[in-house]
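Visitor: I would like to go through this model with you, one question at a time. Please give the cut-offs behind each term as we reach it.

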Amino acid sequence: MTIQWFPGHMTRAKRQIQDKLKLIDVVFELIDARLPQSSRNPMIDEIVGPKPRLVLLNKADLADPEANAKWLGWFRSFGLEALAIDANSGSGVKEIPGRTKALLSDKIERQIAKGMKPRAPRVLIVGIPNVGKSTLINKLAGRSAAITGDRPGVTKGQQWIRAGGDLELLDTPGILWPKFEDLEVGFKLAATGAIKEQVLPIEEVACHTLRWLAAEYGGALSERYGLSDIPPSLPDVAAAAAVLEEIGRKRGCLAGGGHIDYEKAAGVLLRDLRSGKLGRITLESPIV
Ligand code: G4P
């Protein structure tokens, strides 16, 4: 996956999502629980408008449980319903249909008052690449087959997927783009694997990540790599590079002449971070 960093892309994505909004009752905004701010599209409120929305902090299994709770509170403080889930294992996913119905309760009550039988809520899943949209669709759908959409108000050929009889999902999720102008956001997205390593130099990604890890998860770093205590504040990239060098030395990441291969050391650190070997880590805190 390459990310095309140009505004035309954003405008097209926005238009495509807004076309689909006409077909659905509720949006599931999927974000990465390790990066609840940076993995969002900054235009999301404008794109979704007043359509009911459920924020899903996916990959919560890899994120810090305390931070998950803080972030859920943060979203709720803005009036957004939010849930922490793990689309891979399915943890938290069972709660989604109930929360969706609660979000749509006014609409459902109106339908009942008119003597109508409420239909299954129609859902569009949106999120940045790699956040877990397909995994969630598959998990929600289980074994149920896709149903075709030749019905009133539905674009011909649009596929719907029935999820446990409780929801109808549009089969193609809406793809959003993160706020790519901000380099700090780019480093975090690269650290979690949301954007390809080729986009940013891996050693720089590792050094920026180390500065955050030293401040918040220094113990986990020392333990994993057998390092002596790491100062919580690595004042600059050079200080972080010294820690990366130490990790490289401990892990035998050597280049010619006994020098440390920083690229290899960065690979070790980022693989450990993404696979959860460093523990459950969240790379940003809510700004309160
Ligand atoms: P997308 O449609 O939004 O692009 O994402 P997709 O479902 O393809 O998921 C991207 C990767 O994230 C997949 O890993 C998937 O298994 C993983 N993933 C999705 N949800 C969760 C979750 O809740 N927890 C964890 N731990 N992982 C999750 P992959 O196929 O191995 O791809 P990659 O990691 O090699 O990119």
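Visitor: Between which strand and which helix does the loop with Ser-39 lie?
Guide: This is a predicted model, in which local features need pLDDT of at least 70 and side-chain atom pairs count only at pLDDT 80 or more, while totals for chains, interfaces and linings use all residues. Residues are numbered from 1 along each chain as its sequence is written, and side-chain values use heavy atoms, with hydrogens and water left out. Helices (H or I, at least four residues) and strands (E, at least two) are DSSP runs, numbered from the N terminus. On that basis the loop that holds Ser-39 runs between strand E1 (26-32) and helix H2 (44-48).

Visitor: Is Ser-39 buried or exposed, and which backbone oxygen lies 2.6 Å from a polar atom of its side chain?
Guide: Buried means under 20% relative accessible area, exposed over 50%, and partly exposed in between, with a 1.4 Å probe and protein chains only; Ser-39 has a relative accessible area of 2%, so it is buried. A polar contact is a pair of N or O atoms within 3.5 Å; within protein, one must be able to donate a hydrogen and the other to accept it, and residues adjacent in sequence count only if both atoms are side-chain atoms. A polar side-chain atom of Ser-39 lies 2.9 Å from the backbone nitrogen of Asp-32. The backbone oxygen found 2.6 Å from a polar atom of the Ser-39 side chain is that of Leu-35.

Visitor: Where in the chain is Lys-59, and how far is its polar side-chain atom from an oxygen atom of the ligand?
Guide: Lys-59 sits in the loop between strand E2 (53-58) and helix H3 (65-77), and its phi is near 60°, a positive value in a residue other than glycine. Most residues other than glycine have a negative phi. With a relative accessible area of 22%, Lys-59 is partly exposed. The distance from a polar side-chain atom of Lys-59 to an oxygen atom of the ligand is 3.0 Å.

Visitor: Which residue places a backbone N or O atom 2.8 Å from an oxygen atom of the ligand?
Guide: One side-chain contact comes from Asn-58, where an N or O atom is 3.0 Å from an oxygen atom of the ligand. The backbone N or O atom at 2.8 Å from a ligand oxygen belongs to Ala-87.

Visitor: How much of the accessible area of the ligand does the protein cover?
Guide: Accessible areas come from the Shrake-Rupley method with a 1.4 Å probe, and for residues only the protein chains shown count as cover. On its own the ligand has 710 Å² of accessible area, and the share of this that the protein covers is 61%.

Visitor: Which helix gives the largest share of the shell around the ligand?
Guide: A residue is near a molecule if one of its heavy atoms lies within 4 Å of it, and 15 residues surround the ligand, the closest being Ala-87, Asn-130, Lys-133, Ser-134 and Thr-135. The shell divides into 5 nonpolar, 6 polar and 4 charged residues, where Ala, Val, Leu, Ile, Met, Phe, Trp, Tyr, Cys and Pro count as nonpolar, Asp, Glu, Lys and Arg as charged, and the others, Gly among them, as polar. The largest share, 3 residues, comes from helix H6 (residues 133-141).

Visitor: What value is phi of Asn-130 near?
Guide: Asn-130 lies in the loop between strand E4 (122-127) and H6, and at 47% relative accessibility it counts as partly exposed. Its phi is positive, in a residue other than glycine, and is near 75°.

Visitor: How many disulfides does the structure hold, and how far from Cys-207 is the nearest cysteine sulfur?
Guide: A disulfide is taken as a pair of cysteine sulfur atoms within 2.5 Å, and the structure holds 0 of them. Cys-207 counts as buried at 5% relative accessibility, and Cys-253 counts as buried at 3%. Cys-207 is in no disulfide, and the nearest cysteine sulfur, that of Cys-253, lies at 13 Å.

Visitor: How far apart are the C-alpha centres of domain 1 and domain 2?
Guide: The bounds, which come from an automatic or database domain assignment, give domain 1 (7-175) and domain 2 (201-275). The C-alpha trace of the chain spans about 75 × 35 × 35 Å along its principal axes. Between the C-alpha centres of domain 1 and domain 2 the distance is 37 Å.
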